[in-house]
Every structure is written in C-alpha cells, then in structure tokens.
Amino acid sequence: AGGHRDVVNLGVAEQANQDEIEQAYRRRMSEYHPDKVASAAPELKALAEQRASEINAAYELIQKRRKNA
C-alpha cells in the first residue's frame, strides 16, 4: 500500500529503474525545496516544507525496499 504512495510522491512508475527514481527525486525536490520559497508567504513555505518532507520520505522508503528486495 505504502509503496504505491511513495512512487506517486516521486511521480514515477512502480517498475521505475534507479536512474528514473533519482531523476524524479531531484525534479520533485527542485519544485518543493524550502530554499526556493524562502521569500514566499508563510503558508506556501509550510506547504513546500511538508511536500519536501514527503518526497524525502518516499525516496528513502523506495531505496530501503529495493535494497532489501
């Protein structure tokens, strides 16, 4: 169940290879990295921090699952 959510957070297919996962992670982080919205409204900064946290968590879980697979 969580695996699907993780790949959705990164925007990749379940069967994505490591390069695709890396590219998706970097692309998503570039969209939501808190430094990119440092001068934005507090609500936008909070949303970006939340999304960046979700993206990081998804990436870490995908990496952990693949390492243990």
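## Arg51 and its partner Asn9

Arg51 is found in helix 3 of this predicted model. You might look for a charged residue like this on the outside, so let us check: is Arg51 buried or exposed? With a relative accessible area of 15%, Arg51 counts as buried, because the cut-off for buried is under 20%. Leaving aside residues up to four places away in sequence, Arg51 touches Asn9, Arg28 and Tyr32. One of these neighbours deserves a second look: the side chains of Arg51 and Asn9 make a polar contact at 3.5 Å.

Now let us visit the other end of that contact. Asn9 is found in helix 1, which covers residues 2-10. Asn9 is buried too, at a relative accessible area of 11%. Which residues does Asn9 touch, if those up to four places away in sequence are not counted? They are Arg28, Arg51, Glu54, Ile55 and Ala58. Arg28 therefore appears in the list for Asn9 and in the list for Arg51, and the polar contact ties a side chain of helix 1 to a side chain of helix 3, as its 3.5 Å pairing shows.

## Next along helix 3: Ala52 and Ser53

Ala52 also has its place in helix 3, which runs over residues 42-68. Ala52 is buried, and its relative accessible area is 4%. Its contacts, again without residues up to four places away in sequence, are with Met29, Tyr32 and Pro34. Tyr32 is thus touched by Ala52 and by Arg51. For a longer reach, take Ala52 and Val7: these residues are 45 apart along the chain, and their C-alpha atoms are separated by 14 Å.

Ser53 lies in helix 3 as well, but its surroundings read differently. Ser53 is partly exposed, with a relative accessible area of 46%, whereas Ala52 is buried at 4%. The C-alpha atoms of Ser53 and Ala38 are separated by 16 Å, with their positions 15 residues apart along the chain.

## How helix 2 meets helix 3

Two packed helices are described by the angle between their axes and the distance between the axes. Helix 2 covers residues 18-32, and its axis comes within 9 Å of the axis of helix 3, with a crossing of roughly 165°. That angle makes helix 2 roughly antiparallel to helix 3, because angles over 145 degrees are counted that way. The crossing of helix 2 past helix 3 is left-handed.

Which residues make the contact? Helix 2 supplies Gln18, Ile21, Glu22, Tyr25, Arg28, Met29 and Tyr32. From helix 3 come Ala48, Arg51, Ala52, Ile55, Asn56, Tyr59, Ile62, Gln63 and Arg66. By type, the residues of this contact divide into nine nonpolar, three polar and four charged. Arg51 and Ala52 are both among them, which places the two buried residues in the setting of this helix pair.

## Ala24 and the loop residue Ala38

Ala24 lies in helix 2. How much of Ala24 is accessible? Its relative accessible area is 0%, so Ala24 is buried. Beyond residues up to four places away in sequence, Ala24 touches Leu10 and Val12. Ala24 and Tyr59 are 35 residues apart in sequence, and 9.4 Å lies between their C-alpha atoms.

Ala38 offers a contrast, since its place is in the loop between helix 2 and helix 3. Ala38 is partly exposed, with a relative accessible area of 48%. Measuring tape in hand, so to speak, the C-alpha atoms of Ala38 and Ala16 are 32 Å apart in space, for 22 residues of separation in sequence.

## The chain as a whole

Stepping back, the chain has three helices and zero strands, and along the sequence the pattern is α-α-α. The C-alpha atoms fill a box of roughly 40 × 20 × 15 Å, taken along the principal axes.

Buried residues make up 30% of the 69 residues in the chain; Arg51 is one of the buried residues, and so is Asn9. What share of the contacts between residues at least 6 apart in sequence joins residues at least 24 apart? That share is 56%. The polar contact between Asn9 and Arg51, where this report began, links helix 1 with helix 3 at 3.5 Å.

Notes. Residues numbered from 1 in each chain as written. Predicted model: local features only at pLDDT ≥ 70, side-chain atom pairs only at ≥ 80, totals over all residues. Heavy atoms only, no water. Helix = DSSP H or I, 4+ residues; strand = E, 2+ residues; numbered from the N terminus. Buried < 20%, exposed > 50% of the residue type's maximum accessible area, 1.4 Å probe, protein only. Contact = heavy atoms within 4.5 Å. Polar contact = N/O pair within 3.5 Å; in protein donor to acceptor, adjacent residues only side chain to side chain. Axes fitted to C-alpha atoms, helices over the stretch in contact; angles between N-to-C directions. Parallel < 35°, antiparallel > 145°, perpendicular 65-115°, else oblique. Left-handed = near helix turned anticlockwise from the far one by under 90°. Nonpolar A, V, L, I, M, F, W, Y, C, P; charged D, E, K, R; others polar.
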